[in-house]
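Good morning, and thank you for coming. Please look at the sequence and the model on the screen, and keep both in view while I speak.

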Amino acid sequence: MRPGNTKEPASVGAPFDYAVQRRLAALKEAADSQAGSSEAQNAYYRELLKPSMRASRAPLVVARIEENNWAADLATLQLYLSALMQNKSTPERAAMRLVELLRGQPQLVQELVGTSGPGGYEKVLRMLAKSNGLSGAAEDGYGVSWQQNQQHQQDLKSKSGEKKSDSNHDLFYDENAEDYARQQQGNGSSSGTADKPVHVVLQEKNGSAVWGGVKWIVSTLLYAFCILTLVNIALESTGMMKATNVSTEFKPEPMTTPVRFSDVQGCEEAKGELQELVQFLKSPQEFTEIGGKLPKGVLLTGPPGTGKTLLARAVAGEAGVPFFFMSGSEFDEIYVGVGASVTGDTPVLVQDEAGARLVPIGEYIDSFYPGLGEGYTIPVSGLQTLGYDGSEELDRCAWKQVRQVYRHKVDEIYQVRYLGHTVSMTGDHSVFIRNGRRIKAIPARELRVGDYLVDLPYSIDSRQDMPAGTAYDYSQSPAPLPLWALAAEAPLMVPVTPQLAWLLGAYSSLGETSKEGMSFGKLDLSLEKDKALQTKLVKSMAEVFGPVGTASLDNADSSLADYSPVLARFFADLCRNQDGEMRIPEFLWTAPRSLAREYLCGYLEPFCQEISGAKNAAVTTPETQLLREITWLASMHGIRAVMTVDTASVSSVAHGSVQMWRLEVSETLADTNVDTDNAQFKDVQIESIKHMPYDGFVYDFCGCDNEAFFGGQNPVLLHNSKMRSLFSAARSKAPSIVFIDEIDAIGSKRNPRDQTYMKQTLNQLLVDLDGFAQTEGVIFMAATNFPEVLDPALTRPGRFDRIVQVPLPDVRGRAAILKVHSQKIQLASDIDLNIVARGTPGFSGAELQNLLNIAAIEATKQRAKKVSNKHLDFAKDRILMGSERKSAVITQEAKLATAYHEGGHTLAAMYTPGAMPLHKVTIMPRGHALGVTMQLPEADKVSTNRVEYQAMLDVSMGGRAAEELVYGIDGVTSGCSSDLQKATNVARAMVTQFGMSENVGLVSYTEDELGKLSAEGRSAIEAEIRLLNKEANERVMHLLKNHRDELERLALALVEYETLDKIEIERAVKGLPIERDDVSA
């Protein structure tokens, strides 16, 4: 391109054709009005490119198409190439120009060939080559080659006699005419053909590959983020992303940077008392070798913020032992959670030293508690119950260890009904429900009718063995069973085989026992089915027991087989309890699935019409316990079994009727390949929920693995209470420290009126503390601000029997604390921390740290590089007096009244003997006060005498006295209410606690004792309090009258300056000018 050519194209000498111009104007108007129509645009372009035009309009066509404001299609690109060819561009240059155009219009490339990028450009060029778009040939007279257009222009020039002049065509010259002519002669053609196509090389610009890669990465990450967000929303809406119920284990705090005694300042005496604990934790054998015992518990007491928790961490840091931390509120929350329990009639499967059995949970746990004891957990060992393996999904049932048992009384329960049965529990007790393939636990009070409970797993593949170590390992065959002959010295050991299990099941269903022996007496030999069953029984008995199992049978077709008393005893011992009721043999609870399945097969076979083909068996019997155990046993091994009330059948007995139960099993036990998924069964769906009153114990297992166990007539998964594993975790990490902060939240003195959960929490803590020996290497530490409220049982010897006081730091302690906390703060060189410590009496370590932090924040806000004394004064005023309320709108009259009020306090503090020195006075609203007069002692005080208490009364009354002096008795405002309250508290303490009243005498009463006084005693105390306040008011009124001029001068200074320090106060009352660089400061 030659940028120097900007002249208008000279017209050629053709005559002006008005018809052509009108047609061209109409087409342009149509193209402009139909910007989205490619047909309208192409019609306009074709008209511009006709050879009959006076001058070539190809530059206009090229410029309009490149504007990218008008619709385009493949025909538009052909016309674009034709326009370029008319302007003497080579096919190669035209193709490159076209590619640049396509790069600016990716949506057009996408519409034409379905893809973008270099691949799309190449496809477009091939399409144009096939359609002769690159040859410059015209169709229908609308497109011409460059040679034709050149010849036409020369003809026009020869007719008009005009000379060749510059035109805008030069803007599209890629080569000069001579170079182009030579190229055309060398190529023999000006355009590509099918035999000699135009070769185009597409080359990315420098850096375009990198930029393309970056765009691809960004777009991929964006799409991935959107997809993951949508997936997360979908999962959360279905509840699949909720946390699983995994048991929580207490872990010690990570000690990445251990706290040392050097990090704790201002409590040297307390650190000295705790040094022996450090030595014990480091080498406990030195103390135990000679029989020494350290206190089991150490109680840290003192005001808030004195570093009690930091001290406990420092002991752990110095000794290098694990540190277990829990606040009192957390401890209380955990023990209150123990209240989530089920009623005692809930059947559960337990296994202990006495064997495995299905028992009501209340009957089992009651054996651990003495009398009516309740409200605390009892550790147990060797106890297991049936839980499950898996996390979010129920993989299989399995025996799980129980670490504690628990019972307590409640006054209400929730009764959940399902499958005709109910399970009753407290509202806090969680029950597992199904959420798709996953399970989750929710409190009973949040259950809804229609929720699906989690029953025992029924999807176990019977053709697969259980992993070794589980309760149902095929390799663990039960031990042989003893068969005692009447005169034998040693029993005959009968191997436990599937055939024996089948016989035991048949006995549970048909067996009858008497003194003469036993028989399967419930068979009806008139039925062919029962005859065949008896034949099978006789054969199996002989094969299992040998000669002992030979039946006494005269005619197998007409008589039942009778067996000896030896076998009767054998079967009764295994299949009956002490009351003679049928039960499942104990060894089956832990036997492999093959044995349990054969037992069920033997029990159900008499009730199956077709053993080999039926998929369901139903049993109706009054034997509730046996059916309940069979339901559990079948469910444990993946066989769907449901026990329901049979309302259609009632068994009559001598004294009334007996409820009949129906057991439905949805798998033919004779065929392990039955499709149980298609078998008929009832869903474990909640039918109703009742919230009802209850007066009795509820029970729970604590600390089960996965925090779950099965319970109920038809077993469902219940969520057990968390194990109180804080102490067990500390014992496992011994030597260690267990620290309970704010122990008064759970250890306050017990009262008969307290709620049950409040007492049971303290009871549990006392039981757990007693479970530790003083030589185990576990030190218990606790902290409280109110040691006087703790229960005596908690602080007796053997529990928290050592009390360590952690008082407020003195001036040296405050200086040391400031030094520790200022290590990471940039302080100005003129700051003396000793002076700051002297100016902060009564500050705790936490308040000193807050002082430095507020000063650092204020310095940052003021763009200061270091913290100065000004920032420290700001921080101290904010802590002592509160934040300024600069936005408060105060009238001039109210400001003056506040100035008089604070002036009365100030003058009373200045001139009253025994009063604390003034620190600062302000009438700027701070916190809830309109003004504040601040006093600070010159040194740490440990006691206060009568004169000092009277000075407190005088200073408190100073504000009200000043208002009365200036405005009269009717002008006294409500702003003195807090002053009167403070004065009354001081006077009450003088009278009732410190013995500073002559009329009441040398007595001291607690709050409880004051409530028990006689009416005369309370009246005397009230009269003395009023007298002390009245005398203080009279004294300060007399003082202000004598210093009335000073009050006026101080009030005016406060109105002008709003805040005055001690030196400024002294100058103001003397009438001296106040020197201040910034009046508004």
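I begin with a definition: a residue is called buried under 20% relative accessible area, exposed over 50%, and partly exposed in between, with a 1.4 Å probe and the protein chains only. This is a predicted model, in which local features need pLDDT of at least 70 and side-chain atom pairs count only at pLDDT 80 or more, while totals for chains, interfaces and linings use all residues. Residues are numbered from 1 along each chain as its sequence is written, and side-chain values use heavy atoms, with hydrogens and water left out.

Let us take the cysteines. Is Cys267 buried or exposed? Cys267 is buried, because its relative accessible area is 2%. Cys601 is buried as well, with a value of 8%. A disulfide is a covalent bond between the sulfur atoms of two cysteines; the criterion here is a pair of cysteine sulfur atoms within 2.5 Å. How many disulfides does a search of the whole structure find? The search finds zero.

I turn now to the sheets. Helices (H or I, at least four residues) and strands (E, at least two) are DSSP runs, numbered from the N terminus. Two strands pair if DSSP finds at least two bridges between them. Strands of a sheet pair through backbone hydrogen bonds, either parallel or antiparallel.

One open sheet has five strands in the order E2-E22-E23-E1-E24, and its pairing is parallel. Which strands stand at the edges? They are E2 and E24; each has a single partner strand, so one side of each is left without a neighbour in the sheet. On average, neighbouring strands of this sheet are turned by 20° against each other, direction ignored. For such angles, axes are lines fitted to C-alpha atoms, for helices over the stretch in contact, and the angles run from 0 to 180 degrees between N-to-C directions.

Within this sheet, E2 covers residues 323-327, and four of its five residues are buried. E2 pairs with strand E22 (residues 736-741) in the parallel sense over five bridges, and Phe323 has Ile737 of E22 as its bridge partner. E22 is in turn joined to E23 by five bridges, again running parallel. Here Ser736 stands opposite Val778 in E23.

Just before that strand we find Gly777, in the loop between helix H23 (756-770) and strand E23 (778-784). Gly777 is buried, at 5% relative accessible area. Its C-alpha atom lies 9.4 Å from that of Ser283, although the two residues are 494 residues apart in sequence.

Another open sheet has four strands in the order E10-E9-E21-E20, with antiparallel pairing. Its edges are strand E10 (438-443) and strand E20 (708-711); each has a single partner strand, so one side of each lacks a neighbour in the sheet. The average turn between neighbouring strands here is 45°, direction ignored. Two bridges join E9 (residues 430-435) to E21 (residues 716-719), and Val431 has Leu718 of E21 as its bridge partner.

Next come the salt bridges. A salt bridge is a side-chain nitrogen of Lys or Arg within 4 Å of a carboxyl oxygen of Asp or Glu. By this rule the count comes to 18.

One of them joins Lys28 and Asp32, at 2.9 Å from N to O. Why are these two separated by about one helical turn? The reason is that they are four residues apart in helix H1 (residues 18-33). Lys28 is partly exposed at 37%, and Asp32 is partly exposed at 32%.

Another salt bridge is formed by Arg802 and Glu276, whose closest N and O atoms are 2.1 Å apart. This pair links distant parts of the chain, for Arg802 is in strand E24 (residues 800-805) and Glu276 is in helix H11 (residues 268-282), 526 residues apart.

I close with the surface. Val210, Trp211, Val214 and Val218 form a nonpolar patch there, with about 410 Å² of accessible area together. Patches are made of residues with over 30% relative accessible area and no salt bridge; like charges are joined within 9 Å, and nonpolar side chains (Val, Leu, Ile, Met, Phe, Trp, Tyr) within 5 Å. Accessible areas come from the Shrake-Rupley method with a 1.4 Å probe, and for residues only the protein chains shown count as cover. Val210 is in helix H10 (residues 208-238) and counts as exposed, at 60% relative accessibility.
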